[in-house]
Amino acid sequence: MEPVRPDDEAIAAFARDGVACLRSVLDLDEVAAAVAAIDAVLARPGPLAQVASAPGDPGAFTEDVCRWQEIGEIERLARHSGCPPWPPP
């Protein structure tokens, strides 16, 4: 699959906010793989995992790095999905 190319607005949003919304980048199978990967990370946090949200926050934010080596869905999504490369070409 050819990666999606973010437009200038998405690149600016990422530079400004640290996040950008790219709709319809993943197909339904890739979304299911992402859900499975997230569930696996949250069920078994790695040694570098950190909760980056406060107890009173309305949601939870967990950081956990280098899990692609253990959780195949993460590597497959990063290498073989429509996710755009970073930095953009």
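In this predicted model, S24 sits in the loop that links helix 1 (8–17) to helix 2. The phi angle of S24 is near 60°, a positive value in a residue that is not glycine. S24 is also exposed, with a relative accessible area of 74%. A positive phi turns up again at C66, where the angle is about 65° although C66 is not a glycine either. C66 lies in the loop between strand 2 (62–63) and helix 3.

With these two loops located, the overall layout can be followed along the chain. The chain holds three helices and two strands, and reading along the sequence gives the pattern α-α-β-β-α. Of the 89 residues in the chain, 19% are buried. Contacts across the sequence can be described too: among those between residues at least 6 apart in sequence, 55% join residues at least 24 apart.

One helix pair deserves a closer look. Two packed helices are described by the angle between their axes and by the distance between those axes. Here, helix 2 (residues 28–43) packs with helix 3 (residues 72–80) at an angle of about 140°, and the axes are 8 Å apart. How should such an angle be read? Angles over 145 degrees would count as roughly antiparallel, whereas helix 2 and helix 3 are at about 140° and are therefore oblique to each other. The crossing of helix 2 past helix 3 is left-handed.

Which residues bring the two helices together? On the side of helix 2, the contact is made by E30, A33, A34, A36, A37 and V41, and these meet E73, I74, L77 and H80 of helix 3. Sorted by class, this contact between helix 2 and helix 3 comprises seven nonpolar residues, one polar residue and two charged residues.

Finally, the cysteines can be considered. A disulfide is a covalent bond between the sulfur atoms of two cysteines. How many disulfides does the model contain? With a pair of cysteine sulfur atoms required to lie within 2.5 Å, the count comes to zero disulfides. As for their surroundings, C21 is exposed, at a relative accessible area of 55%. C66, the residue with the positive phi described above, has a relative accessibility of 45% and so counts as partly exposed.

Notes. Residues are numbered from 1 along each chain as its sequence is written. This is a predicted model: local features need pLDDT of at least 70, side-chain atom pairs count only at pLDDT 80 or more; totals for chains, interfaces and linings use all residues. Side-chain values use heavy atoms; hydrogens and water are left out. Axes are lines fitted to C-alpha atoms, for helices over the stretch in contact, and angles run from 0 to 180 degrees between N-to-C directions. Helices (H or I, at least four residues) and strands (E, at least two) are DSSP runs, numbered from the N terminus. Angles under 35 degrees count as roughly parallel, over 145 as roughly antiparallel, 65 to 115 as roughly perpendicular and the rest as oblique. A crossing is left-handed if the near helix is turned anticlockwise from the far one by less than a right angle, and right-handed if clockwise. Contact means heavy atoms within 4.5 Å. Ala, Val, Leu, Ile, Met, Phe, Trp, Tyr, Cys and Pro count as nonpolar, Asp, Glu, Lys and Arg as charged, and the others, Gly among them, as polar. Buried means under 20% relative accessible area, exposed over 50%, partly exposed in between (1.4 Å probe, protein chains only).
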